[in-house]
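Work through the exercises below with the model open. Try each task before reading its solution.

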Amino acid sequence: MTTSHVTAQAPGRRSGDADTPVLEVRDLHVEFKTREGIVKAVNGVNYSVRAGETLAVLGESGSGKSVTAQAIMGILDSPPGRVAKGEILFQGQDILQLPENERRKLRGPKMAMIFQDALSALNPVYSVGNQLGEMFRVHQGMSKKDAKAKAIELMDRVKIPAAGSRVNDYPHQFSGGMRQRIMIAMALALEPDLIIADEPTTALDVTVQAQVMDLLAELQREYNMGLILITHDLGVVADVADKIAVMYAGRIVEQSPIHELYKRPAHPYTRGLLDSIPRLDQKGHELYAIKGLPPNLLKAPSGCAFNPRCPKAQDICRTDVPALLPVTETDGTELAGRSSACHFWKEQIHG
């Protein structure tokens, strides 16, 4: 494109206080009213992400990862879901206090989400160019011609081959990896300050997973966005995340800089997740799996929710809910950014 009206402004580093989080979640509680009772899907979650920072939120299905993201984006199915308590500060403002029409204005220009199932998220009866261009037509008042040009530019940006000739194709005409790139392009369209990627590589093969994660990391650095990666696989985020929050049964059970967590996990659940990663140096060995299943949140176990599955559980684990507390070295020196909700985290990290 030769006209400045069509060509995107070159992305660059965002200005602002690097110590101020783009997003800060404080004591968030989300519950769902069902026929069987109240499901407390999120119970006091706290985390933050800054510009240029990548936070990985990890846990098995049902741990509350995606529900937390939906609450942040304001797309909870309500009813039956509702935010029962807490704050969600976006650039310092509690967006839970905003009317819905104001929150809607944030979605796209300020925060965006990449969903795990691109084929379901994309509309099958509209071309990908039409769906990408809609962002610019609705939010920036562009003409159809200019919006289509921007769509081609975005498709090029996320490395879709022959974007100009494929802009009129429909979602089913693309492979799974290419559809996920289109979802990334839609999220990036208006250069938001925060992107939430919910299991962005779940349905992809290993090679394509790596390509998509590399692309996300590259774009995140280039645009200096805050990025939240939701996943159940520690192996997927190893090379792209700065820090990690491990969730279980609606709570965060461990927080840590990513590489410190790999070296010395401070919670038995995290240890189990790490041991579940297949390793090339252990050919012929049976793959490890955490015994049992995540709890039914209608009938959550007393004490630590992980205690029925924990190989190190003791009596106190069955009666007292462990608080998320700072992790220290043996001499009492606090480990920066590290916390654990385990009665016996010292034995776990120092044992």
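The coordinates come from a predicted model.

**Exercise 1. The open sheet**

Task: Find the order of the four strands in the open sheet, and state which strands are at its edges.

Solution.
- Step 1. Take S1 and S4. They pair in the antiparallel sense, over eight bridges. Leu23 stands opposite Phe90 in S4.
- Step 2. Move on to S4 and S5. Two bridges join S4 to S5 (residues 93–94), and the two strands run antiparallel.
- Step 3. Put the strands in order. The open sheet reads S2-S1-S4-S5, with antiparallel pairing.
- Step 4. Name the edges. S2 (37–49) and S5 each pair on one side only, which makes them the edge strands.

**Exercise 2. The hairpin of S4 and S5**

Task: List bridge partners between S4 and S5, then state how many residues lie between the strands.

Solution.
- Step 1. Start from Leu89. It stands opposite Asp94 in S5.
- Step 2. Go to Phe90. Its bridge partner in S5 is Gln93. Phe90 also stands opposite Leu23.
- Step 3. Count the link. The hairpin has two residues between its strands.
- Step 4. Check the backbone there. Gln91 takes a positive phi near 50°.

**Exercise 3. Backbone outliers**

Task: Locate two non-glycine residues with positive phi, Asp27 and Glu199, and decide whether each is buried or partly exposed.

Solution.
- Step 1. Read phi for Asp27. The value is positive, about 45°, although Asp27 is not a glycine.
- Step 2. Place Asp27. It belongs to strand S1 (residues 23–34).
- Step 3. Check its accessibility. Asp27 counts as partly exposed because its relative accessibility is 29%, between the limits of 20% and 50%.
- Step 4. Repeat for Glu199. Its phi is also positive, about 50°, and Glu199 is not a glycine either. It lies in the loop between strand S7 (194–198) and helix H8 (206–223).
- Step 5. Classify Glu199. Its relative accessible area is 10%, so Glu199 is buried.

Task: Now identify the cis peptide bonds that involve Pro79, and give omega for each.

Solution.
- Step 1. Look before Pro79. The peptide bond from Ser78 to Pro79 is cis, with omega near -10°.
- Step 2. Look after Pro79. The bond joining Pro79 and Pro80 is cis, and omega is about 15°.
- Step 3. Place the residues. Pro79 lies in the loop between helix H1 (65–73) and strand S4 (81–90). Pro80 is found in the loop between H1 and S4 too.

**Exercise 4. A buried glutamate**

Task: Find which backbone nitrogens lie close to polar side-chain atoms of Glu254, within the 3.5 Å cut-off.

Solution.
- Step 1. Place Glu254. It is found in strand S10 (residues 251–257).
- Step 2. Check burial. Glu254 counts as buried because its relative accessibility is 0%.
- Step 3. Find one partner. The backbone nitrogen of Ala266 is 2.8 Å from a polar atom of the Glu254 side chain.
- Step 4. Find another. For the backbone nitrogen of His267, the distance to a polar side-chain atom of Glu254 is 3.2 Å.

**Exercise 5. Helix H11 and aromatic rings**

Task: State how many residues of H11 are buried, and what they pack against.

Solution.
- Step 1. Count. Six of the eight residues of H11 (residues 268–275) are buried, so the helix is mostly covered.
- Step 2. Name them. They are Pro268, Tyr269, Thr270, Gly272, Leu273 and Leu274.
- Step 3. List the neighbours. These residues pack against strands S3 (54–58), S9 (243–248) and S10, and against helices H9 (234–237), H10 (258–263) and H12 (345–350).
- Step 4. Follow Tyr269 further. Ring pairs link it with Tyr248 and Phe306 into a cluster. The structure holds three aromatic pairs.
- Step 5. Add a charge over a ring. The charged end of Arg166 sits over the ring of Phe174, 4.0 Å from its centre.

**Exercise 6. Cysteines**

Task: Explain why Cys304 forms no disulfide.

Solution.
- Step 1. Recall the cut-off: cysteine sulfurs must lie within 2.5 Å.
- Step 2. Apply it. The closest cysteine sulfur to that of Cys304 is in Cys317, 6.2 Å away, so it is too far for a bond.
- Step 3. Test Cys310. Its nearest cysteine sulfur is that of Cys317, at 6.3 Å, and Cys310 is in no disulfide.
- Step 4. Total. The count comes to zero disulfides.
- Step 5. Compare burial. Cys304 is buried at 13% relative accessible area, and Cys310 counts as buried at 16%.

Note on methods:
Residues numbered from 1 in each chain as written. Predicted model: local features only at pLDDT ≥ 70, side-chain atom pairs only at ≥ 80, totals over all residues. Heavy atoms only, no water. Buried < 20%, exposed > 50% of the residue type's maximum accessible area, 1.4 Å probe, protein only. Polar contact = N/O pair within 3.5 Å; in protein donor to acceptor, adjacent residues only side chain to side chain. Contact = heavy atoms within 4.5 Å. Phe/Tyr/Trp six-rings, centres within 6.5 Å; stacked < 30°, edge-to-face > 60°. Lys NZ or Arg CZ within 6 Å of the ring centre and 35° of its normal. Pairing = 2+ DSSP bridges.
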